[in-house]
Amino acid sequence: MRFNLSCEERRIWEHFKYIFSYVFQTLLILFLIVLLVKEFYPVFIDTRINVNWFMLIVIVFGALSILFPVEKIERKEEFN
């Protein structure tokens, strides 16, 4: 489904797509680090972070980044 967006709205929407993608990548790396630390220090992580809720947030941002992918812009390079 396509919407007729103005140039400014399209630019803002592309910015949000970059934000979804960046936040997902950052949260995924943090989640994997938390899981690794939880293997060695389970009491330290379990008392501070609910890993299930953290995983849910990662899944939501992952779904957003898949549903709204960042469009790649191809640049033509000239060779002299």
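These legends describe close-up views of aromatic and nonpolar side chains in a predicted model.

**View 1. A nonpolar patch on the surface, formed by Leu 5, Ile 12, Trp 13, Phe 16 and Ile 19.** Together these five side chains have about 390 Å² of accessible area. One of the residues in the patch, Phe 16, is found in helix H1, which covers residues 7-40. Phe 16 has a relative accessible area of 40%, so it counts as partly exposed, since that class lies between the 20% limit for buried and the 50% limit for exposed. Trp 13, also in the patch, is partly exposed at 33% relative accessibility.

**View 2. The aromatic pair of Trp 13 and Phe 68.** The structure holds three aromatic pairs. In the pair of Trp 13 and Phe 68, the ring centres are 5.1 Å apart and the planes are at 80 degrees, an edge-to-face arrangement. Trp 13 belongs to helix H1, while Phe 68 sits in the segment after helix H3 (51-67), so the pair ties together parts that are 55 residues apart in sequence. Phe 68 has a relative accessible area of 28% and is partly exposed.

**View 3. The aromatic pair of Phe 31 and Phe 54.** The ring centres of Phe 31 and Phe 54 lie 5.6 Å apart, and their planes are at 65 degrees, so this pair is edge-to-face; the cut-off for that class is over 60 degrees. Phe 31 is part of helix H1 and Phe 54 is part of helix H3, so the pair joins parts that are 23 residues apart in sequence. Are these two rings buried or exposed? Phe 31 is buried, with a relative accessible area of 9%. Phe 54 is buried too, with a relative accessible area of 16%, because buried means under 20%.

**View 4. The surroundings of Phe 68, in the segment after H3.** Which residues does Phe 68 touch, leaving out those up to four places away in sequence? The contacts are with Trp 13, Lys 17 and Phe 20. Trp 13 and Phe 20 also belong with Phe 68 to a cluster linked by ring pairs. Phe 16, a member of the surface patch in View 1, is 52 residues from Phe 68 in sequence. In space, the C-alpha atoms of Phe 68 and Phe 16 are 9.1 Å apart.

Definitions and conventions:
Residues are numbered from 1 along each chain as its sequence is written. This is a predicted model: local features need pLDDT of at least 70, side-chain atom pairs count only at pLDDT 80 or more; totals for chains, interfaces and linings use all residues. Side-chain values use heavy atoms; hydrogens and water are left out. Patches are made of residues with over 30% relative accessible area and no salt bridge: like charges are joined within 9 Å, nonpolar side chains (Val, Leu, Ile, Met, Phe, Trp, Tyr) within 5 Å. Accessible areas come from the Shrake-Rupley method with a 1.4 Å probe; for residues, only the protein chains shown count as cover. A salt bridge is a side-chain nitrogen of Lys or Arg within 4 Å of a carboxyl oxygen of Asp or Glu. Helices (H or I, at least four residues) and strands (E, at least two) are DSSP runs, numbered from the N terminus. Buried means under 20% relative accessible area, exposed over 50%, partly exposed in between (1.4 Å probe, protein chains only). Rings of Phe, Tyr and Trp (its six-membered ring) pair if their centres lie within 6.5 Å; planes under 30 degrees apart count as stacked, over 60 as edge-to-face and the rest as tilted. Contact means heavy atoms within 4.5 Å.
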